[in-house]
Amino acid sequence: MLKKIKELSAYGKIKKEASIMDSRIDFYLSNEGDIKGCYVEVKGVTLVDDKQVALFPDDAPTERGSKHIETLIELKEAGYQCVIFLIQHPLVCSFTPNSGQDLKFANLVTKAIKAGVKVLCYNCNIALDKPIRIGKVVSFKDE
């Protein structure tokens, strides 16, 4: 998976569901001998509007998602690399936080970016008879 995401391809080791502080972040990436690696939180995006813009969260505020973003901000301030990686529908052209559904989450994403957390947005290739595959980069639009 890492080789398909250019921004993460330098990392060789992957730890799933990494416990840190009072959170469990989806992945911790590192290399042999790293003191501080990269935490990656993946958000699966399913809501797409009529302009092919993906929105997260889709149907309700996400307390857990907000907690993860707060943790990434703290980790970034402690010197770790941190990424929010948003997996999206195959036909989207951009992503934006859904402030109409969860203003707190949208504001935290803005705060995270200002703190240096990177937001990577990729669409996915989905087929019933194949595993989900990472597709192309899509643009991020902060509201």
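Let us start at H68, which has its place in helix α1. This is a predicted model, and H68 makes a handy first stop in it. Is H68 buried or exposed? With a relative accessible area of 3%, H68 is buried, because the cut-off for that word is under 20%. Which residue can we reach from here? R24 is 44 residues away from H68 in sequence, yet in space the two are 7.9 Å apart, C-alpha to C-alpha.

Stay with the helix a little longer. Helix α1 covers residues 63-77, and E70 is found in it too. Unlike the buried H68, E70 is partly exposed, with a relative accessible area of 32%. That value matters for the next feature, because a patch is made of residues with over 30% relative accessible area. E70 joins D22, E74 and E77 in forming a negative surface patch.

Now let us turn to the strands, beginning with β2. Strand β2 spans residues 23-30 and is mostly covered: six of its eight residues are buried. Which strands does β2 pair with? One partner is strand β1, residues 13-20, which runs antiparallel to β2 and is joined to it by seven bridges. To find one of these contacts by eye, look for A18, whose bridge partner in β2 is I25. Strands β1 and β2 form a hairpin with two residues between the strands, and there M21 takes a positive phi near 55 degrees.

Strand β2 also pairs with strand β3, residues 38-44. These two run antiparallel as well, joined by three bridges. Here F27 stands opposite V40 in β3. As general background, strands of a sheet pair through backbone hydrogen bonds, either parallel or antiparallel.

Our last stop is another group of strands. In what order do the strands of the open sheet lie? Its four strands follow the order β4-β5-β7-β10, with mixed pairing. Strands β4 (47-48) and β10 (139-140) stand at the edges; each has a single partner strand, so one side of each is left without a neighbour in the sheet. For β4, look to strand β5, residues 53-56: the two pair in the antiparallel sense over two bridges. Within this pairing, L47 has L55 in β5 as its bridge partner.

Definitions and conventions:
Residues numbered from 1 in each chain as written. Predicted model: local features only at pLDDT ≥ 70, side-chain atom pairs only at ≥ 80, totals over all residues. Heavy atoms only, no water. Patch = residues over 30% accessible without salt bridge, like charges linked within 9 Å, V, L, I, M, F, W, Y side chains within 5 Å. Areas by Shrake-Rupley, 256 points an atom, 1.4 Å probe, with all protein chains shown as cover. Salt bridge = Lys/Arg side-chain N within 4 Å of Asp/Glu carboxyl O. Lys, Arg positive; Asp, Glu negative; His and termini not counted. Charge placed at Lys NZ, Arg CZ, Asp CG, Glu CD. Buried < 20%, exposed > 50% of the residue type's maximum accessible area, 1.4 Å probe, protein only. Pairing = 2+ DSSP bridges.
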